[in-house]
Amino acid sequence: MAKRSLSADLVALSLLLGLCLGIGMLGSSLVETSIGTWYADLIKPTFTPPNEVFGPVWTMLYVLMAVAAWRVWRGADWQTARGPLTLFVLQLALNLGWSAVFFGLQKIGAAVATIIVLDVAVLVTTLAFRTIDRIAALLMMPYLAWMLYATVLNVATWRLNPTA
């Protein structure tokens, strides 16, 4: 474990929480542009959760992701942590990108392609985290599971709305 001061640890955790929750807020702002209009008119699979579920679930997932990244940051020197943390930022960008494609551009098929790339990025990030901190990898597992569920949901929605 890399030696860092308590204040450095707290600053890093705060920054990572801010980054993750900030990405969540940006994604949410994209969702809000079409949740009551375009998205409401889509045919959705029977296993689609109510809209009210998404906010709390995503908030929890972003907090878990931030803590996972923080554990990696504090668990290794910068040379060792840089690669996994770069993957982490990349998958966060893809996460926001999916919201932009699905809700912003309203391109369900393109969102399927985006979410598959995102799934791979989350898996690779989780495996990279595991090399530094097993708990960090475990903290990423709910996110990975939710992403796989979201992928099935995205594909099913696309099949039900082939012209959307």
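1. A word on terms before the surface figure: accessible areas here come from the Shrake-Rupley method with a 1.4 Å probe. On that basis, the accessible surface of the chain comes to about 8,600 Å², and carbon and sulfur atoms make up 71% of this surface. Please keep in mind while reading on that this is a predicted model.

2. Now the overall fold. The chain has six helices and zero strands, so reading along the sequence simply gives α-α-α-α-α-α. Its C-alpha trace spans about 55 × 25 × 25 Å along the principal axes. For 164 residues, a compact globule would have a radius of gyration near 15 Å, and the 17 Å of this chain agrees with that.

3. On packing, 44% of the 164 residues count as buried. Among contacts in the chain with a separation of 6 or more, 80% come from residues 24 or more positions apart.

4. You may like the charge layout too. The chain carries 10 positive and 7 negative charges, and the mean positions of these two sets are 9 Å apart.

5. How many salt bridges does the structure hold? There are two. One of them joins aspartate 9 to arginine 74, with the closest N and O atoms 3.4 Å apart. This pair links distant parts of the chain, 65 residues apart: aspartate 9 sits in helix α1 (residues 6-32) and arginine 74 in helix α3 (residues 51-75). Are these partners buried or exposed? Aspartate 9 is buried, and arginine 74 is buried as well.

6. The other salt bridge brings together the side chains of arginine 71 and aspartate 133, at 3.0 Å from N to O. Arginine 71 belongs to helix α3, while aspartate 133 lies in the loop between α5 (108-130) and α6 (134-160), so this pair ties together parts that are 62 residues apart in sequence. Here again, both arginine 71 and aspartate 133 are buried.

7. Finally, have a look at alanine 136, which is placed in helix α6. Why does alanine 136 count as buried? Its relative accessible area is 0%, and buried means under 20%. Leaving aside neighbours within four places in sequence, alanine 136 is in contact with Ala68, Arg71, Val72 and Phe129. Arg71 in that list is also the salt-bridge partner of aspartate 133. By way of a distance to check in your viewer, the C-alpha atoms of alanine 136 and alanine 8 are separated by 19 Å, with their positions 128 residues apart along the chain.

Key:
Residues are numbered from 1 along each chain as its sequence is written. This is a predicted model: local features need pLDDT of at least 70, side-chain atom pairs count only at pLDDT 80 or more; totals for chains, interfaces and linings use all residues. Side-chain values use heavy atoms; hydrogens and water are left out. Helices (H or I, at least four residues) and strands (E, at least two) are DSSP runs, numbered from the N terminus. The radius of gyration is taken over C-alpha atoms; the globule rule is 2.2 Å times the number of residues to the power 0.38. Buried means under 20% relative accessible area, exposed over 50%, partly exposed in between (1.4 Å probe, protein chains only). Contact means heavy atoms within 4.5 Å. Lys and Arg count as positive and Asp and Glu as negative; His and the chain ends are not counted. The place of a charge is taken as NZ of Lys, CZ of Arg, CG of Asp or CD of Glu. A salt bridge is a side-chain nitrogen of Lys or Arg within 4 Å of a carboxyl oxygen of Asp or Glu.
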